[in-house]
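Subject: Structure for you to look at

Hello,

Here is the structure I said I would pass on. Please open it next to this message and follow the notes below.

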Amino acid sequence: MKKQLKTILGYKVERPFLVSGPCGAETEEQVMQTAIELAKQPVNLMRAGIWKPRTRPNSFEGAGEIGLTWLKQASKVTGIPVTVEVANKKHVEAALKAGIDVLWIGARTTVNPFAVQEIADTLRGVDIPVMIKNPVNPDVELWIGAIERMVKAGITKIAVIHRGFSSYEKTIYRNRPNWEIPIELKRRIPEIPMLCDPSHISGKRELLLPISQLAMDLNYDGLMIETHINPDKALSDSKQQITPVQLGELLSKLVCRKQSIDDTLTLRMIEGLREKMDNIDYEILNLIAKRMGIARRIGEYKKENNITILQAERWDEILQSRMQSGLEKELDKEFVKKLFEIIHHESIHQQALLMNTIEEEVKKN
Ligand code: PEP
Ligand code: MN
């Protein structure tokens with residue numbers, strides 16, 4: 001297969017751009033041994049947390065500034081450039097002084113515009129590459145805001161890292177991926193290189209490959225995967241780290257599909273199908289508009305006869321029957337449920353407008 005060369009953060013690399021290394025720099029030997037093993041893999045940038053933002057106190061909070069020298073030494077021996085997480089002015093100044101090649105802003109920092117601005121102000125006039133992780137909460141605007149703060153400070157080499165979002169509910173993920181959010185970011189800023197961090201999304205080794213594969217199939221440019229020379233003994237995030245050798249195994253199973261369609265026959269086939277899809281989309285919109293018209297007519301009757309908008313039994317009957325019908329058509333039950341919740345919500349909104357209950361408020365806003 002033809003090599004796919006891309007420029008990411010100023011480095012001309014083959015896709016996927018690979019960032020790897022331990023969650024945290026623990027000792028000089030651990031950093032050096034990990035680096036030597038990583039140099040046998042196609043790693044473009046070595047990561048290690050020097051200052052670790054931990055959820056609870058009394059956990060390992062990183063080796064601190066001394067770790068910067070370990071990383072620089074490892075980089076000198078292996079030739080791999082290095083990156084650390086920065087969360088404030090002091091971190092940025094120390095990392096710049098040590099000659100760290102790339103900085104990254106962690107999820108717990110992106111969430112705080114004051115902290116991001118402090119980093120941006122410290123970086124003014126220093127065009128170092130910066131990677132920005134998504135904020136912990138599912139807010140695309142906050143993520144974009146952090147990018148804008150860096151751009152305004154004069155940073156020209158920027159990439160984003162999707163590491164998933166916190167949620168109260170327990171799921172199979174450590175941080176729910178909410179793929180629609182990075183997809184929306186890519187729609188708004190198509191030129192931005194996007195990396196996926198399956199380590200923090202999954203929180204466990206078994207999910208690293210399927211998440212990395214999905215990210216590659218969603219056209220991501222690279223991956224950030226945590227590796228440790230002895231993962232079970234790691235002082236932070238031990239369940240999700242793998243050895244550099246296991247990283248190699250993961251990469252050998254990863255299918256890296258082409259980012260664009262380059263042969264005319266395939267292009268023509270896909271274009272034909274896309275045209276059919278476009279027509280169906282317009283049919284769907286026509287049908288939804290018709291359905292809303294009927295909802296408004298029902299709303300008129302409810303208004304004239306003083307009947308409440310929500311009729312819980314009718315709604316339950318709609319939901320159950322549509323999910324059943326969807327199942328018969330091999331549509332995912334949860335998808336059909338979400339679809340009809342959105343449609344029903346809009347019908348209620350239309351009827352509420354008719355009944356004047358929220359009309360004034362809506363006009364005011
Ligand atoms: C990390 O990369 O080790 C880290 C702290 O990640 P996040 O900011 O995604 O929590
Ligand atoms: Mn980590």
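Leu9 is a buried residue, with a relative accessible area of 5%. Please keep in mind that this is a predicted model. Leu9 sits in the loop between β1 (5-8) and β2. Although Leu9 is not a glycine, its phi is positive, at about 55°.

Glu330 also has a positive phi without being a glycine, in this case about 60°. Its place is in the loop between α12 and α13. Is Glu330 buried or exposed? Its relative accessible area is 76%, so Glu330 counts as exposed, the cut-off being over 50%.

Another backbone feature is the peptide bond joining Arg15 and Pro16, which is cis, with omega at about 5°. Pro16 belongs to the loop between β2 (11-14) and β3.

Next, the metal site. Which residues supply the protein donors of the manganese ion (ligand 2)? They are Cys23 through SG, His200 through NE2, Glu226 through OE and Asp237 through OD, at 2.1 to 2.4 Å from the ion. Cys23 is in the loop between β3 (17-21) and α1 (28-38), while Glu226 is in strand β10 (residues 222-226), so this pair ties together parts that are 203 residues apart in sequence. Along the chain, the spacing of the donors reads C-x176-H-x25-E-x10-D. Cys23 is buried, at 1% relative accessible area, and Glu226 is buried as well, at 1%.

Ser236 is in contact with one of these donors, Cys23. Ser236 lies in the loop between β10 and α10 (244-253) and is buried, with a relative accessible area of 3%. Leaving aside neighbours within four places in sequence, its other contacts are Gly24, Glu26, Lys52, Arg54, Phe60 and Gln241.

Last, a pair of helices. Helix α12 (residues 312-328) packs against helix α13 (residues 333-354) at an angle of about 140°, and their axes are 9 Å apart. Why is α12 called oblique to α13? An angle over 145 degrees would count as roughly antiparallel, and about 140° does not reach that, so the pair is oblique. The crossing of α12 past α13 is right-handed. On the α12 side the contact is made by Trp315, Ile318, Leu319, Arg322, Met323, Gly326 and Leu327. On the α13 side it is made by Lys333, Val336, Lys337, Phe340, Glu341 and His344. These contact residues divide into seven nonpolar, two polar and four charged.

Regards

Definitions and conventions: Residues numbered from 1 in each chain as written. Chains lettered and ligands numbered in written order. Predicted model: local features only at pLDDT ≥ 70, side-chain atom pairs only at ≥ 80, totals over all residues. Heavy atoms only, no water. Donors = N, O, S within 2.8 Å, 3.2 Å for Na, K, Ca; no water. Helix = DSSP H or I, 4+ residues; strand = E, 2+ residues; numbered from the N terminus. Buried < 20%, exposed > 50% of the residue type's maximum accessible area, 1.4 Å probe, protein only. Axes fitted to C-alpha atoms, helices over the stretch in contact; angles between N-to-C directions. Left-handed = near helix turned anticlockwise from the far one by under 90°. Contact = heavy atoms within 4.5 Å. Nonpolar A, V, L, I, M, F, W, Y, C, P; charged D, E, K, R; others polar.
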